Amino acid sequence: MQTVVLAAGVGSRMGPLTDERPKPMLPVAGRPLVSHTVASAVEAGASKIVLVVGYQSEDVREHFGDEYAGVPVEYAVQEEQRGTADAVRAAVEVLDDGPFAVLNGDALYDVPSLGDLYDGGPAVGSFEVADPTSYGVLRTDDAGHVSGVVEKPEDPPSNLVNAGAYVFPEEAGAWLHDVEESERGEFELTDVLDRLCERGDVRAVAFDRWLDVGRPWELLEANEWKLGELEAQVDGDVSDDAELGDSVVVEEGATVRSGVVVEGPALIQSGATVGPNAYVRGASLVGPNAKIGHAVEVKNSVLMDGATAGHLSYVGDSVVGRDVNFGAGTQVANLRHDGGDVKMTVKGDRVSTGRRKMGVVVGHDTKTGINSSLDAGVVFSPGSTVEPGESVTRDR
Ligand code: TTP
């Protein structure tokens, strides 16, 4: 099945992490997010991948080149991010005859479910959630076919949310040109789906696992998923008295010093150093050239390239951007005293992360002074500074 992967979005809800690189290129278990989407599609039987690129497209092209695991990769450019229908319209020109699949390039899908999606006629992937009111929700008819998608309904017709995975018949390519601008000023692929649903033969394929990666804490969840699939491998320099758990990968060129405990799942990338006497637990990604120093505890976090927590610090449930430097004794709070879900500001709106445990999101090149404390849910713009001893309770 030829598969269009949408990777032209800006990822504004992921700010400040998408300041320097597009969301599809954010690191998940040591690879770009979109490479997991592409890998799953290829494993499920994609015959060709068409990547729709736009915002900072050179990064995506450079990563994939013209094939992935023997499957050809082609590119279509969406000049302006004018919606998902507009993105697929750009791709139609490079598609072959026949049906085609469309996947969001910022979502993780399980391979067997994608296989089910590919296997048959028109289809839409769905995922069951307890509260679907903030999603596009599938409406199904008596025969179990999809009859439409209702956006953010107060009274949801089902618990099946639209997973942004579709199989369209060839003729749907022409319908893309008939889509009109929506109220929010975008050309929406769901308009094409609605038209397809009128035929009454669109299958709802329930996915076993799915994750939409739109907000910073979902990047942590994506890493939890994909780090959990790693098989232990040690190619780096690991001290004899360091303790590594079952699912820990230490890449060549990485160093794990004495007295370190890494519970895993964790990936310690080339050029990174950990320890001495550090404790890394939960699903953690220690990016290329990152540094976790003496007596530092890192839990369930992503440290991007060159991020440093030199000594005596705690970093929990956090995303730490490129070349951030945490001064000695920097402490991240990741739990509220009232035990409620941690809130975060996303594009100006205060929203619940749905997590009791959530630390901070730190834009690249931020520096914290010694003994600073960073409150749960705080977001730092790139290049922020924190004074020694300062307690940061608001975004900066
Ligand atoms: P969204 O998550 O709706 O958009 P986004 O990725 O730009 O994120 P944000 O809202 O935070 O700015 O997009 C869903 C998928 O479609 C995602 O994989 C990006 C892709 N997309 C395009 O390729 N072109 C577009 O014009 C839009 C709106 C999205």
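Q: In this predicted model, which residue places a backbone N or O atom 2.8 Å from an oxygen atom of the ligand?
A: Polar contacts here are pairs of N or O atoms within 3.5 Å. A backbone atom meets that cut-off at 2.8 Å from a ligand oxygen, and its residue is Arg 13.

Q: What percentage of the accessible area of the ligand does the protein cover?
A: On its own, the ligand has 570 Å² of accessible area. The part of this area covered by the protein is 85%.

Q: Which elements give two or more residues to the shell around the ligand?
A: One of them is a strand, spanning 2-7, and the other is a helix, spanning 84-92. They are β1 and α3.

Q: How far is an N or O atom in the side chain of Ser 12 from an oxygen atom of the ligand?
A: Ser 12 is among the residues that come nearest to the ligand, with Leu 6, Arg 13, Gln 78 and Gly 83 also listed. Its side-chain N or O atom is separated from the ligand oxygen by 2.6 Å.

Q: Which residue has a polar side-chain atom 3.2 Å from an oxygen atom of the ligand?
A: The shell around the ligand includes 5 charged residues beside 5 nonpolar and 9 polar ones. The side chain with a polar atom at 3.2 Å belongs to Lys 23.

Q: Which helix gives the most to the lining of the second largest pocket?
A: The pocket holds about 270 Å³ of space. Its lining has 6 nonpolar, 2 polar and 4 charged residues, and includes His 36, Ala 39, Ser 40 and Glu 43. With 4 residues from the run 33-43, the helix is α1.

Notes:
Residues are numbered from 1 along each chain as its sequence is written. This is a predicted model: local features need pLDDT of at least 70, side-chain atom pairs count only at pLDDT 80 or more; totals for chains, interfaces and linings use all residues. Side-chain values use heavy atoms; hydrogens and water are left out. On a 1 Å grid over the protein atoms alone, a cavity is a set of points where a 1.4 Å probe fits but cannot get out, and a pocket is an open set with protein on both sides within 12 Å along at least five of seven lines; lining residues have an atom within 4 Å of a point. Grid points are joined across faces, edges and corners, and a volume is the space filled by probe spheres set on the points. Ala, Val, Leu, Ile, Met, Phe, Trp, Tyr, Cys and Pro count as nonpolar, Asp, Glu, Lys and Arg as charged, and the others, Gly among them, as polar. A residue is near a molecule or strand if one of its heavy atoms lies within 4 Å of it. A polar contact is a pair of N or O atoms within 3.5 Å; within protein, one must be able to donate a hydrogen and the other to accept it, and residues adjacent in sequence count only if both atoms are side-chain atoms. Accessible areas come from the Shrake-Rupley method with a 1.4 Å probe; for residues, only the protein chains shown count as cover.
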